[in-house]
Amino acid sequence: MSSPELLLQVLRTQMRTAGVTYKMLAERISMSESSVKRMFGQQDMSLSRLAQICKAASIPMEDVLRGAADATPQADRLTLTQEKSLLANPNLLLMAICCLGHWTLEQVLETYDLTEPECIVLLAELDRLGLIELKPLNRYRLRVSNAFRWLPDGPVQQFFREHVVDDYFGGSFDGAGETLLCLPARLSLPSAQELVGRIQQMAGELARLHQGDRRLASTERDGFTLLVGFRSWEFAAFTALRRTAPTK
């Protein structure tokens with residue numbers, strides 16, 4: 001589906017949700033109902049006309065644009081080459097993670113010791129790598145989906161394992177909205193697979209909340225990280241205490 005088709009599909013959906021019919025819209029923008037239907041059917045709509053329709057239907061234009069962007073097919077993962085490129089430059093990896101968290105350029109500049117020209121170069125490189133689509137005024141759109149994952153045992157995941165995990169678990173996990181669980185269990189393979197499905201659902205819920213809270217002011221949000229691992233495992237020190245099988 002092309003971008004104009006997707007944009008108008010989102011607009012139609014928003015109009016149905018708002019209870020605005022073609023007839024009602026035609027009256028509000030002083031056009032005939034047949035002309036409105038033709039305009040939608042032919043997908044012939046300028047940006048100024050889109051803004052007029054959104055205003056007449058009391059639909060925020062940014063909601064239509066965001067809805068179209070969110071509905072655009074996007075990658076769930078980067079390639080091995082893309083991940084290696086991120087790790088080749090620590091500042092590029094930092095900017096990538098900021099973009100995945102929907103930080104603005106202004107927020108990055110306020111938080112980290114980077115200059116505006118340095119940040120613009122990093123954003124341009126992320127655009128070249130396909131992580132974002134750089135737009136005017138140094139704004140951007142993610143080219144990866146809300147279900148984005150780093151490659152299993154890929155370069156970034158290995159980097160996190162070597163340099164991030166100890167730092168992450170070094171916290172007390174007793175702050176507001178924080179928790180730490182380590183729950184051993186003996187499960188059948190079907191039960192384990194069922195739990196993996198539940199974990200994936202939880203990741204989807206996190207993505208939904210993250211997406212919804214983007215509308216809040218930055219002062220109303222804080223950075224949270226969900227780190228989940230589930231595997232067949234026993235602490236090596238405990239394994240060393242296992243009884244050895246009797247020899248025959």
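This note reviews selected residues, helix pairs and salt bridges in a predicted model.

1. Glu83 and its setting. Glu83 belongs to helix α6, which spans residues 80–87. Glu83 is buried yet takes part in no salt bridge. The nearest side chain of opposite charge is that of Arg77, at a distance of 7.5 Å. A salt bridge requires the nitrogen and the carboxyl oxygen to be within 4 Å. The side chain of Glu83 does, however, reach the backbone nitrogen of Val156, at 3.2 Å.

2. The surroundings of Glu83. Which residues does Glu83 contact, leaving aside its neighbours within four places in sequence? They are Leu78, Trp150, Leu151, Gly154, Pro155 and Val156. Two of these names, Pro155 and Val156, return in the next point, where they are listed in helix α10.

3. Helices α6 and α10. Helix α10 covers residues 155–163, and its axis comes within 8 Å of the axis of α6. The two axes cross at roughly 40°, which makes α6 oblique to α10. On the α6 side, the residues that meet α10 are Leu80, Glu83, Lys84 and Leu87. Their partners in α10 are Pro155, Val156 and Phe159.

4. Helices α6 and α7. Helix α7 is formed by residues 90–100. The axes of α6 and α7 come within 6 Å and cross at roughly 115°; the two helices are therefore roughly perpendicular to each other. Here α6 contributes Ser85, Leu86 and Leu87, while α7 contributes Pro90, Leu92, Leu93 and Ala96. Leu87 is thus listed in the meeting with α7 and also in the meeting with α10.

5. Gln82. Is Gln82, another residue of helix α6, buried or exposed? Its relative accessibility is 16%, so Gln82 counts as buried. Beyond its neighbours within four places in sequence, Gln82 is in contact with Leu129 and Gly130.

6. Leu78. This residue lies in the loop between α5 (61–71) and α6. Leu78 has a relative accessible area of 6% and is buried. Not counting residues up to four places away in sequence, Leu78 touches Glu83, Leu86, Leu131, Val144, Phe148, Trp150 and Leu151. Trp150 and Leu151 also appear among the contacts of Glu83. The C-alpha atoms of Leu78 and Gly130 are separated by 8.3 Å, although the two residues are 52 residues apart along the chain.

7. Salt bridges: Glu106 and Arg139. How many salt bridges does the structure hold? The number is 10. One of them joins Glu106 to Arg139, whose closest N and O atoms are 3.4 Å apart. Glu106 is in helix α8 (residues 105–111) and Arg139 is in strand β2 (residues 139–142), so the pair ties together parts that are 33 residues apart in sequence. Both members are classed as partly exposed: Glu106 has a relative accessibility of 37%, and Arg139 has one of 41%.

8. Salt bridges: a network. Arg141 forms a salt bridge with Glu133, with 2.9 Å between the closest N and O atoms. Glu133 is partly exposed, its relative accessible area being 25%. These two residues and Lys135 are linked in a network of salt bridges.

9. Salt bridges: a pair within one helix. The side chains of Arg208 and Glu205 meet in a salt bridge of 2.5 Å, N to O. Both residues lie in helix α12 (residues 189–213), three residues apart, which is about one turn of the helix. Arg208, at 48% relative accessibility, counts as partly exposed, and Glu205, at 36%, counts as partly exposed too.

10. Arg221. The location of Arg221 is the loop between α12 and α13 (236–239). With a relative accessibility of 28%, Arg221 counts as partly exposed. Apart from neighbours within four places in sequence, Arg221 is in contact with Gln107, Asp213, Arg214 and Leu216. A polar atom of the Arg221 side chain lies 3.5 Å from the backbone oxygen of Leu216. The C-alpha atoms of Arg221 and Pro155 are separated by 29 Å, the two residues being 66 residues apart along the chain.

How values were computed: Residues numbered from 1 in each chain as written. Predicted model: local features only at pLDDT ≥ 70, side-chain atom pairs only at ≥ 80, totals over all residues. Heavy atoms only, no water. Helix = DSSP H or I, 4+ residues; strand = E, 2+ residues; numbered from the N terminus. Buried < 20%, exposed > 50% of the residue type's maximum accessible area, 1.4 Å probe, protein only. Lys, Arg positive; Asp, Glu negative; His and termini not counted. Polar contact = N/O pair within 3.5 Å; in protein donor to acceptor, adjacent residues only side chain to side chain. Contact = heavy atoms within 4.5 Å. Axes fitted to C-alpha atoms, helices over the stretch in contact; angles between N-to-C directions. Parallel < 35°, antiparallel > 145°, perpendicular 65-115°, else oblique.
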